[in-house]
Amino acid sequence: MSRSRESDLESVCLSDLPESIDLPVQRASSRRTSSTQLSLSLEPELLRGAPLDVALSGWCKHWHPAAKASSLASAHMLSQKVDSIDVFLSHDWETSHWTKLLTLLMVFNSRASFIACLLVSVLTCILRITQVLPDELWTACFGHIAFLVVLCFWQRIRRFSCRQQVVFLDRLCIDQSDPEVKQKGILGLGAFVLKSKKML
């Protein structure tokens, strides 16, 4: 009887031992994972967007990976709290910002620049036919000039007459100067995507 009691006590102690050791470890690990887990929700004051012309300003200077810390702090002030986002701009920091600039100009400005080129070309033809402009080859450049001007500056032009598109750009919409707020923004990228109508 004594041997059986001793074996029972040993089995009870051994069965209790792993629970007393593993439980705190599991709790600690769950706390660590919960603080670094991606989320589909975000605090309303952290949901921010920036006008497209701001994201393209300075020939895409905000897309340059070697930006100074001072400019990063001020860049966040260019965004504002929003309820929804028109376009979520996804990118990587390895690609040249010039490549990104050309891509964004073609995506957002090429249609308007084509229409401007067409209208100016037709107007130039009419003025040449009516002899308001000389019938010379250099007048054909007006259409090309209109195309380039609208391609580069259409978002700034439409700011005065049309609703500005609101976009998400991580450097503008997530505070880079506060590590805690920055982590919340990164972990809440899913919330930015859900609030966006399109992703590019």
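The following paragraphs describe a helix pair and two buried residues in a predicted model. Residues are numbered from 1 along each chain as its sequence is written, and side-chain values use heavy atoms, without hydrogens and water. Local features need pLDDT of at least 70, side-chain atom pairs count only at pLDDT 80 or more, and totals for chains, interfaces and linings use all residues.

Two packed helices are described by the angle between their axes and the distance between the axes. The axes of helix 2 (residues 52–60) and helix 5 (residues 141–157) come within 9 Å and cross at roughly 140°. Helix 2 is therefore oblique to helix 5, a class for angles that are not under 35 degrees (roughly parallel), over 145 (roughly antiparallel) or 65 to 115 (roughly perpendicular). Residues of helix 2 that meet helix 5 include Leu 52, Leu 56 and Trp 59; contact means heavy atoms within 4.5 Å. Among their partners in helix 5 are Phe 153 and Arg 156.

Asp 86 is located in strand 3 (residues 85–88). Its relative accessibility is 6%, so Asp 86 counts as buried (under 20% relative accessible area, with a 1.4 Å probe and protein chains only). The side chains of Asp 86 and Arg 163 form a polar contact at 3.1 Å, that is, a pair of N or O atoms within 3.5 Å, one able to donate a hydrogen and the other to accept it. Beyond four places in sequence, Asp 86 also contacts residues including Val 166 and Lys 197.

Ser 79 lies in the loop between helix 3 (69–75) and strand 2 (80–81). Ser 79 is counted as buried because its relative accessibility is 5%. A polar atom of the Ser 79 side chain lies 2.8 Å from the backbone oxygen of His 76.

Definitions and conventions:
Axes are lines fitted to C-alpha atoms, for helices over the stretch in contact, and angles run from 0 to 180 degrees between N-to-C directions. Helices (H or I, at least four residues) and strands (E, at least two) are DSSP runs, numbered from the N terminus. Buried means under 20% relative accessible area, exposed over 50%, partly exposed in between (1.4 Å probe, protein chains only).
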